[in-house]
Amino acid sequence: MTSACCSTASIIRPTRSASATHSSRCSISSTAATTPRQCRQEPPMRSSAPRSNVAFSLQEVPRRGSHIRASHPRDDRELKRDYRKTLNLPVTEFPMQAGLAKSEPRRVAWWQEQRTYERRLDRNADAQPWILHDGPPYANGELHMGHFLTMVVKDIFVKIALLDGKWAKFVPGWDMHGLPIELETLRHLGITDFHVIDPLELRARCKERAVFWFERQRDVRMRMGTFGDYEHPYRTIDPSYESVIVETLADLAEQNQIYKGLRATLWCFHDETALAEAEIEYEMKRSPSIYVRFPFDQEQRAALMERVGGPSTPLRSARDDKAVSVLIWTTTPWTLPGNSGVALHRNAVYALYDIGDEIVLLAEDLAAEALRERYSGAKKIAHVYGERLEGLEVRHPLFDRTAKIVLADYVDLETGTGAVHTAPGHGAEDFETGMAYGLPIRSPVDAAGRFTSEAGPYAGLRVLDANAKITDDLRAAGMLLREQEIEHSYPHCWRCHNPVIFRATSQWFISMDRNNLRARALAAMDNVAYTPEWGRERQRQMIENHPEWCISRQRTWGTPIPAVTCIDCNTSVLDARVARAAARRFAEVGADAWWSDPIERYLPQGFVCPSCGGTRFTAERDIVDIWFESGVTHLAVLGRNGLPWPSDAVLEGGDQYRGWFRSSLMTAAAIRDAAPYKHVVKNGWVNDEDGRPMSKSRGTGIDAQEAMERWGADVLRLWAASVEFVDDVRFGPHVIEQVARVYRNIRNRVRFMLGNIGDLPPDAIVPRAALGPLDALAYDYATRRFDEIAQAYDAFDIHAAYLKIVEFESEISALYFDAMKDPLYSRAAADVRRRAAQSVLLYALRGFLAAIAPVLSFTAEEAWQALPQTLRDAASVFELVLVRDDARDAASEERWKMLRHLRAAVSASSELRDFEAKAQLRLSPTHASALEPFTNEDLREALAVSQLEIAISSAFGNARMPGVVVSPAEGEKCARCWKYRELGADPEHAGICAECARVVRERLSGD
RNA sequence: GGGCCGUUAGCUCAGCUGGUUAGAGCGCAUGCUUGAUAAGCAUGAGGUCCCUGGUUCGAUCCCAGGACGGCCCA
């Protein structure tokens, strides 16, 4: 227990009386004289007690250290002699001020010139590959801090593998097709309707724009200090890549995995395209909220009565002239023209209420809320389970047709009436229900969101504008029970931010369940590791709930789906032979050819329509979903150029469970029947300092380039390591300032090591086996910490590595560096004791630079280049190897802790500082054996005191840590080394100790 | 509304399978140093471990409910 040893220390610690004795000696002597030098040294602005400008009075406590010189006025001349020049003070070109913003771009260029990354890859070429496969950022806009985090963490992993000797080739990639770029380009061109521009012209403009952003993002990404094959990145717009996309479509078509079908798809009528799930965002929207009657006519009413309870039903007793209707609730009045049914929940209780002049049917649980004030006077006249009502019909409130009552599981009893208006053409679930019941699929809305003639009186109106008119008509027809407005979250287009609608259109789909694709994808996950582990469950749910994958888009900037339409029968055909012809063609000249070539070029000999045998075809103009494009990166990049398939790891933000992680898994399961990666690592979201999200689409994200100019990439890289990147993290000036201080600590410790080993000749390096116990202790301590850092890296735990890095540099600085200053500075330059300490510093520096290089790449390289050439046995810090420790030595760790404790105890137990002190250690036999390797002088050196005595006795108890007693040092302060010694042995150097005098003489004779 | 994740000092984070005076770094305060000096060393203050219940001899840790924040979905 540490408390026991502390109390021991406090009992034996010299009390204030000891200090008082010391002080009184000072004050007496200080009256004698004050040297001019001392006067100059008085800091005028010290905040401590104001000092009179005359000599010390008897009452004043003098500044420590002043008494010695004062008590020996005869030494004035010696004191003036500048012994400082005879010391080996640290010298290095490695500046304290980093100036990262200026130096980093030069370092990036240097790495390029030196081909640092490629050279290390070559060196590791025969080793096991370790491949992190890059998920492509979208080439549109500036990179924000979310990008920075993902990109830098990837880079840290790559560099860890690299320094561990693995062939860690990283191929960066970009996602460069798609609607956002197309819209951006159109905006740039001032075009609102994309139909008016020639597709090839538009594609050329889009390409320019995509390439512009690619180059910009590539430069910024390199500016982050990331390594990768930037000369050969993969890009989804490259002919070779487009070819792979189409080749994959051919494979899927061959497997009959793709089909064309009518679907209620999310549709953006502003952009006139179908949207994938991943392309919508939920935003708040004001919508009408209306309760609408679907009336029963006489015949229908009779059928209802049968179901509700036969002839004896109380409904019979209700007056026949009272109208009966089922009440539905909707926030999208415009979907009513598409209505085909009313869905109820099988197990919910529905009741008929007489509310005065009419009878309404709705879920019992919701009646009070839905009927409001009319509920108080309502009379419940019957109730029945939903399933009893299946198959009944009601009248449409506006059109002269019927709607069928159906059952659906998604009907909820939280809001509305429990009776859900169902328009199969305007909702995904409605569509499923419609298909199940054979309801007509109406979608009387065109691509631009206007009603078609099928919508009768509403034809030509934009759907959202039609809400008001439809509501008016309902009111006029007496079908509107209640109306209000609500604010709710509603799907919007991720890019143009307009509300989206569901619309039934003809689209290409990848079937999830043909060939058991879904099941095979789930099975493939078994061989994948997930960080965090719960990501597996998240991923599983995403696959299980994956709807049919709509891969077609009615747009221009993308890779064409090489399908053809039979001119005779209008059948749409995706034939693998046609697709392969396209893949070959695109590989040579790019996908523009699809728009410029005659279709005959792609048709195999004797190609006929499978439906009607026709021979004339037109090329379809749909392009493929960009999630499909990025979903085949593993096919385009891995398994070639020496890269293995699958990759060892992928790392992206958590949104990619639904995005790229999923799309990659689906294509891999379909084509290779295996997962495209072995490990899925997720990184968190970057929030601002208040924990609020920084959204890229709303422009509140902090620009990575700007941040690097302000703080330097290395400080930001350290930030990435200082936070738990797996979780959501916070970013902002306050957080970065804190990290910047840690950075300065690290930098200064590196600087200390560099400064003290500059004159170490390689042949004077002392090997581990020849080190004395104290140096060996530091050596072993460093080795253990380096090993822990490497182990944390092995586990992808960058944050744990960061903590170990900080622990190491602050610990070794406080104990070893501080204690080594005396031998390093005051011993003869070539003294073996000094060489030993230098050797340990060199070892520690090498190991430390290797350990921090994955994170602090710029600083590690800068420090490595600041090493004297004679000690720099590698061209770059990235040639080094992570230090591992085979034999962990618990006794050594315990000794380190003991010394740390003793050092703290010396400082704590008196006002005496460092060499003013003489320490007495009070050791129990257990302590003594723990400290067995150390000589008295080793311990004296470690504790940086002038003298040290050791007392061993079982009377000192069994506390875990030894006690220590501190008293004033004996002798006088050596003007050179500052230790307290007998002075004056050398008459020419009367103010310094014998050892210093010898060093000074040697030095002078040497010069 | 549903699923998942998180909540430990001012900040960034440790705390292994329940028992510790709950730790580290940075910041802060104080002292020392001025031969790492826009640096270094030491000491100290600072926590109802989000809240409420429960299980247990004992809960930061397990269970339930809730609050707040985030992600994904509806």
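Me: How many strands are in the sheet with strand 15, and in what order do they come?
Reply: In this predicted model, four strands make up that open sheet, arranged in the order 4-3-15-17, and their pairing is antiparallel.

Me: Which ones are at the edges?
Reply: Strand 4 (273-274) and strand 17 (549-550) are the edge strands, each of them pairing on one side only.

Me: And how many bridges hold strand 3 to strand 15?
Reply: Strand 3, which covers residues 258-268, is joined by 10 bridges to strand 15, residues 501-510, and the two run antiparallel. As a point of register, Leu 266 is found opposite Phe 502 of strand 15.

Me: Ok, what about strand 5, what does it pair with?
Reply: Strand 5 (residues 280-295) pairs with strand 14 (residues 480-493) in the antiparallel sense over 13 bridges, and it also pairs with strand 6 (residues 323-330), again in the antiparallel sense, over six bridges. To place the residues, Glu 281 stands opposite His 492 in strand 14, while Phe 294 has Val 326 of strand 6 as its bridge partner.

Me: Is the pairing of strand 7 with strand 12 parallel or antiparallel?
Reply: Strand 7 (residues 341-344) and strand 12 (residues 402-407) pair in the parallel sense, over four bridges, with Ala 343 standing opposite Val 406 in strand 12.

Me: What sheet do those two belong to?
Reply: They belong to an open sheet of four strands in the order 11-12-7-13, in which the pairing is mixed. Strand 11 (393-395) and strand 13 (419-422) stand at its edges with a single partner strand each, so one side of each has no neighbour in the sheet. On average, and ignoring direction, neighbouring strands of this sheet are turned by 30° against each other.

Me: Which helix packs on it?
Reply: Helix 16 (residues 428-437) packs on the sheet, where it touches strand 12 and strand 13, and the direction of helix 16 makes about 100° with that of strand 12.

Me: Switching to helix pairs: at what angle do helix 11 and helix 20 cross?
Reply: Helix 11 (residues 239-254) and helix 20 (residues 576-589) cross at roughly 170°, and their axes come within 8 Å. Angles over 145 degrees count as roughly antiparallel, and helix 11 and helix 20 are therefore described as roughly antiparallel to each other.

Me: Which residues make that contact?
Reply: On helix 11 the contact is made by Pro 239, Ser 243, Val 246, Glu 247, Ala 250, Asp 251, Ala 253 and Glu 254, and on helix 20 by Ala 576, Ala 579, Arg 580, Ala 582, Ala 583, Phe 586 and Ala 587. Sorted by class, the contact of helix 11 with helix 20 has 10 nonpolar, one polar and four charged residues.

Me: And helix 27 against helix 30, what's the angle there?
Reply: Helix 27 (residues 733-757) and helix 30 (residues 832-852) pack at an angle of about 140°, with their axes 9 Å apart. That angle makes helix 27 oblique to helix 30, and the crossing of the two is left-handed.

Me: What residues are in contact there?
Reply: The residues of helix 27 in this contact include Ile 746, Val 750, Phe 752 and Met 753, and among those of helix 30 are Arg 834, Gln 838, Leu 841 and Phe 848. By class, the contact of helix 27 with helix 30 has 13 nonpolar, two polar and one charged residues.

Me: How many salt bridges are there?
Reply: The structure holds 71 salt bridges. One pair is Glu 104 with Arg 223, whose closest N and O atoms are 2.9 Å apart. Glu 104 lies in helix 6 (residues 100-114) and Arg 223 in helix 10 (residues 199-223), so this pair ties together parts that are 119 residues apart in sequence.

Me: Where are the cis peptide bonds at Pro 532 and Pro 646?
Reply: A cis bond joins Thr 531 to Pro 532, with omega about -5°, and Pro 532 lies in the loop between strand 16 (529-531) and helix 19 (534-544). The bond from Trp 645 to Pro 646 is also cis, with omega near 0°, and Pro 646 lies in the loop between helix 23 (633-637) and strand 23 (650-653).

Me: Last thing, what is phi of Arg 115?
Reply: Phi of Arg 115 is near 50°, which is a positive value in a residue other than glycine, and Arg 115 is found in the loop between helix 6 and helix 7 (116-123). For context, most residues other than glycine have a negative phi.

Key: Residues are numbered from 1 along each chain as its sequence is written. Chains are lettered from A and ligands numbered from 1 in the order in which they are written. This is a predicted model: local features need pLDDT of at least 70, side-chain atom pairs count only at pLDDT 80 or more; totals for chains, interfaces and linings use all residues. Side-chain values use heavy atoms; hydrogens and water are left out. Two strands pair if DSSP finds at least two bridges between them. Axes are lines fitted to C-alpha atoms, for helices over the stretch in contact, and angles run from 0 to 180 degrees between N-to-C directions. Contact means heavy atoms within 4.5 Å. Angles under 35 degrees count as roughly parallel, over 145 as roughly antiparallel, 65 to 115 as roughly perpendicular and the rest as oblique. A crossing is left-handed if the near helix is turned anticlockwise from the far one by less than a right angle, and right-handed if clockwise. Ala, Val, Leu, Ile, Met, Phe, Trp, Tyr, Cys and Pro count as nonpolar, Asp, Glu, Lys and Arg as charged, and the others, Gly among them, as polar. A salt bridge is a side-chain nitrogen of Lys or Arg within 4 Å of a carboxyl oxygen of Asp or Glu.
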